[in-house]
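Q: I have a structure on screen and would like to go through its charged pairs and its nonpolar regions. Could we begin with the charges?
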Amino acid sequence: MSVLGKVIAGVVLAPIVIIVVGIGGCEARKAYYDWRVREMCDRDGGVTVLERKRLSASEAQTLGTVGGFLSIPTKDLANPGSPVYAEDHRTELRASNPEIYRVEERLVWRQSAQVFARVVRYTRRGGDFPFFAHPSYFMCPSDVTIFQERERAFEIEGRTP
């Protein structure tokens, strides 16, 4: 191959190699941080029910549902007649790309201001190859798991467990 052919091949292949290596590096870094998120989640993630609360059917109705599970909004968004609300506390564990954070949601019984359940989740956001799309994320435990397990904190009149 001539010198000119080698230069042209280098000019054409260099950007492809850079992109492939960049994407591979980003994916490896995301896999590492997803593993770290799973580790933290295994340690203290999930739902902890401190005390089971009884709700009438009408009280449950004031909360509403998401996907068939009770929806528990934060205090500022909750219906004033709702017997329960959530307080979220976010702790940033890694501020750069990718971001890692821990969210602790405390379920509070309005009448006594007592925390009766706690939900802890970890999230990795970003770490993708630079692109204009929305950044990817990984969350542990998943929303579905949280919704399912959070239901254990309630006994709703007329609903069989």
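Q: Which residues are linked with R102 in a network of salt bridges?
A: Please note that this is a predicted model. In it, a network of salt bridges links R102 with D44, E104 and R106.

Q: What are the N to O distances from E104 to R102 and to R106?
A: The side chains of E104 and R102 meet in a salt bridge at 3.2 Å, N to O. For E104 and R106, the closest N and O atoms are 3.1 Å apart.

Q: Is E104 buried or exposed?
A: E104 counts as buried because its relative accessibility is 11%, and buried means under 20%. R102 is buried as well, whereas R106, at 27%, counts as partly exposed.

Q: Why would such side chains pair at all?
A: Side chains of opposite charge can pair when their charged atoms come close.

Q: How many salt bridges does the structure hold?
A: The structure holds 13 salt bridges. One of them joins the side chains of R36 and E39, at 3.7 Å from N to O.

Q: Where do R36 and E39 lie?
A: Both residues are in helix α1, 3 residues apart, which is about one turn of the helix. R36 is partly exposed at 32% relative accessibility, and E39 is also partly exposed, at 35%.

Q: Turning to the interior, which residues touch the most other members of the largest nonpolar core?
A: That core has 14 residues, and those touching the most other members are L55, L70, V84, L107, F116 and F154. At least two core residues come from each of α2 (57-63), β5 (84-94), β6 (99-109), β7 (114-125) and β9 (154-156).

Q: And is there a second core, and which residues does it include?
A: A separate core of 9 residues includes V37, I100, V120 and F138.

Q: Back to F116: what is it in contact with, leaving aside neighbours within four places in sequence?
A: The contacts of F116 include V84, L107 and F154, which are also among the residues touching the most other members of the largest core. Others are T48, V49, L50, E51, K53, V108, W109 and A153.

Q: Now the surface. Which residues make the nonpolar patch there?
A: L4, I8, V12, L13 and I16 make a nonpolar surface patch of about 490 Å².

Q: Where is I8 placed, and what is its relative accessible area?
A: I8 sits in helix α1, which covers residues 3-44. Its relative accessible area is 49%, so I8 is partly exposed; the exposed class begins over 50%.

Conventions: Residues are numbered from 1 along each chain as its sequence is written. This is a predicted model: local features need pLDDT of at least 70, side-chain atom pairs count only at pLDDT 80 or more; totals for chains, interfaces and linings use all residues. Side-chain values use heavy atoms; hydrogens and water are left out. Patches are made of residues with over 30% relative accessible area and no salt bridge: like charges are joined within 9 Å, nonpolar side chains (Val, Leu, Ile, Met, Phe, Trp, Tyr) within 5 Å. Accessible areas come from the Shrake-Rupley method with a 1.4 Å probe; for residues, only the protein chains shown count as cover. A salt bridge is a side-chain nitrogen of Lys or Arg within 4 Å of a carboxyl oxygen of Asp or Glu. Helices (H or I, at least four residues) and strands (E, at least two) are DSSP runs, numbered from the N terminus. Buried means under 20% relative accessible area, exposed over 50%, partly exposed in between (1.4 Å probe, protein chains only). A nonpolar core is a set of buried Ala, Val, Leu, Ile, Met, Phe, Trp, Tyr and Cys residues joined through side-chain atoms within 4.5 Å. Contact means heavy atoms within 4.5 Å.
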